[in-house]
Amino acid sequence: MVETHISLSVNRLLNEDTYAIPLYQRNFAWTYDEIEQLLNDVADAFQENRDNQENRDNYYIGTLVVNLVVNKEKKLFKIIDGQQRTTALNLIALALKHEFGFDRLKAVNLTFPARKKSNENIQKLFTKQKISECDENELTRGYGYAKDALKKVLEERQFNPQSFVDYLFENVIIFRSVLPEDLDLNLYFERFNSRGEQLEAHEILKAQMMAKFGTDQEMAQKFARIWDACAEFDKPVMKAFQIRSRPNNTDEEGEKIFGKEFTNFKLESVFEKIRVKKIEQRSLLDAITQTKYESSSLVNNGADISNYTTVIDFPTFLLQVFFIMEGNDETTFDDKKLLKIFEIERREREWVQQFGQLLLTMKHIFDTFIVKNVQLENETEWQIKRGQYETYQRNENGGWKYVRINFQKNTFDNLNKNIILLQSMFAVTFTANRDSRWLYEILQFLFNHIEELNQAEFASLFKDFLEKMAVRYAEERLFTEDKTIKKYGAIPVYAFNFVDYVLWQNREELEKEYKDINFDHFKFAYRRSIEHWYPQNPNGHDGERQLPAEFLHSFGNLCIITDSQNSKFGNLVPSAKYNQWQDIFYRQSLKLQMMAEITSKKDSGWGPEQITELEKEILTRVNDFIESKSSEQR
């Protein structure tokens, strides 16, 4: 049996099976530039592996889409897409054989059934027969391009030629997908050509996983439904599954999976509960083109929800779920290493099925318990909400009722604001996907407490976990070895965000002194610029002098603002900043709002005394908060 989706090394591609270029394919059209670019891409990957002194990582160079034709027990793969790259690799291998002495070809396995001259020339190139000038064509020209490009790349890079050739043949990988014999090729080209780009790593990973189900197309399609539902990362996963359309319809797919009130988080036997349409091999096209699973007839999308963005992307989420499944704490969230980390070639079907079930489980948990940035009419807002049923009357005359889902209920009742602030504090600080270790720790905690997620007391347990995690991150970033607060140049953005959370926690006391601050309306935003409130080089205010460094660069004089606001503040002294921009401070960090209110008081202004007092007050509240969390642990 031929595997439907498989990763092939260049060595296997050129020395196993037989490939044919159908008549409807255009002639080989790559010029010297394309062949040199291919070799340079491989050279970059080879050099990175060599310099890092790691085991040689595989380098994926795209896809080869084929039809399998069996004639008198002989297999022939007709190339549908990828013939330019495949032909180029053949010509490079031939140039290595004859011009550089690296014979890695057993024979030429590429044929041109409808092009006699091309067939003859590729065989003559293999046996190094002379080709007359009148018989030269695009293949002989391509051979010359390959020879020249190899010479240039090897000379410029000064590689060990043997090592480079070994890497090219063993570690450069092309992903081969076999289309069903009855596939409508017009439909395929319409879908595939509309992409205009190569498959991404997570799309290849999906196809590799589906291939593990072999001939069991029903299970492969169920896995595809799970994957596609989770991959639509900007909407809740439950909306991809059939929800009852009437109150008395309680046996629908979505409720079987997620429970009557969508409160099942320990999902079990999900493959038994998922429905698929008519089972047909043609659906394997989805694994290649990432065409969205056409399940509109199955899905009742329910009430619209606000547009939102998530704190990571889908490939990073795949890595997070993988490490949870493997129980591995040595994590990396570099999506460039996605295929290497998963190593699907050594996984069994059962592992893939378990991963699919866990993927759906964690996406449902992610949707319900992880903060999202929601676009409202004039601003964005952090939210944590869960899905619930709404029942509607069909018409005013008492017609039948129908059910849909809304996402208006807070996941946590009394502590929702606390948990939103804590999670969004991490999200606005560690913005890169590769820096999402914080989210992995949260998802791992939720997974480990999966039996408790619906209990009323879980909100308090979750908040406590997040606060202790926040303290742990702060102790590494806020303080020096002698437990004083770090100064400008050494203190990171997280320290300011952590302080804002502590200030918010102390809002009942602080709002008595800082009457102009609405602590309840505070929310974290993407503030990345660390600014001196009293500037390093003051100007425009009667020749103000620079503060001594011990005050200028101390935490009490520093604040975080957006990059755009930083350019507006410039070198204005604090009173000028406040007078010119006082309408914007309600949207700023709590620490900056406190600094602005202190500055606005005519009898105080802003100087060494105010800087020292504010830093002392903040340090006291921070230490009290840290101590309270430490005593709870003891």
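**Overall layout, a three-stranded sheet and a lined pocket**

The chain holds 25 helices and 13 strands. The model is a predicted one, and local features are taken up here where pLDDT reaches at least 70. Of its 634 residues, 53% count as buried. Among contacts with a separation of 6 or more, 73% are between residues 24 or more positions apart. As for the outside, the chain exposes about 29,900 Å², and 42% of that area is supplied by carbon and sulfur atoms.

One piece of the fold to look at is an open sheet. Three strands make it up, in the order β7-β8-β9, and the pairing is antiparallel. The edges are taken by β7 (308-309) and β9, each of which pairs on one side only. On one flank, β7 and β8 run antiparallel and are joined by 2 bridges. Here T309 stands opposite N373 of β8. On the other flank, β8, covering residues 372-375, pairs with β9 over 4 bridges, again in the antiparallel sense. N373 turns up here too, standing opposite W382 in β9. So much for the middle of the ladder; elsewhere along it, K372 stands opposite Q383 in β9, and Q375 has T380 of β9 as its bridge partner. The link between these two strands is a hairpin, with 4 residues between β8 and β9.

The edge strand β9 leads straight on to the second largest pocket. This pocket holds about 870 Å³ of space. Among the elements that give two or more residues to its lining is β9 (380-383), along with α16 (416-429) and α22 (563-569). The largest share comes from α16, with 5 residues. In total 34 residues line the pocket, and those nearest its centre are E379, T380, H521, F522 and K523. T380 therefore has two roles in this description: it lies among the residues nearest the pocket centre, and it is the bridge partner of Q375. By class, the lining is a mixture of 10 nonpolar, 13 polar and 11 charged residues.Away from the sheet and the pocket, two residues help tie distant stretches of sequence together. The first topic is I344, which sits in the loop between α14 (338-342) and α15 (349-369). Is I344 buried or exposed? With a relative accessible area of 2%, I344 is buried, as the value falls under the 20% cut-off. Leaving out neighbours within four places in sequence, I344 is in contact with L205, Q208, M209, K212 and W351. One of these partners, L205, is 139 residues away along the chain, yet the C-alpha atoms of I344 and L205 are separated by 7.7 Å.

The other residue is Y60, in strand β3 (residues 59-71). Y60 has a relative accessible area of 23% and is partly exposed. Residues up to four places away in sequence aside, Y60 touches S7, I173, I204, Q208 and L339. Q208 is thus a partner of Y60 and also of I344. What separates the C-alpha atoms of Y60 and S7? The distance is 8.9 Å, for two residues that are 53 positions apart along the chain.

Backbone geometry adds a couple of details. D17 is a residue other than glycine with a positive phi, near 60 degrees. D17 is found in the loop between α1 (10-15) and β2 (19-20), and at a relative accessible area of 29% D17 is partly exposed. Q158 is not a glycine either, and its phi is positive at about 55 degrees. Where does Q158 lie? Q158 is placed in the loop between α5 (138-157) and α6 (161-171). Q158 counts as exposed, because its relative accessibility is 67% and the exposed class begins over 50%.

Key. Residues are numbered from 1 along each chain as its sequence is written. This is a predicted model: local features need pLDDT of at least 70, side-chain atom pairs count only at pLDDT 80 or more; totals for chains, interfaces and linings use all residues. Side-chain values use heavy atoms; hydrogens and water are left out. On a 1 Å grid over the protein atoms alone, a cavity is a set of points where a 1.4 Å probe fits but cannot get out, and a pocket is an open set with protein on both sides within 12 Å along at least five of seven lines; lining residues have an atom within 4 Å of a point. Grid points are joined across faces, edges and corners, and a volume is the space filled by probe spheres set on the points. Ala, Val, Leu, Ile, Met, Phe, Trp, Tyr, Cys and Pro count as nonpolar, Asp, Glu, Lys and Arg as charged, and the others, Gly among them, as polar. Two strands pair if DSSP finds at least two bridges between them. Buried means under 20% relative accessible area, exposed over 50%, partly exposed in between (1.4 Å probe, protein chains only). Contact means heavy atoms within 4.5 Å. Accessible areas come from the Shrake-Rupley method with a 1.4 Å probe; for residues, only the protein chains shown count as cover.
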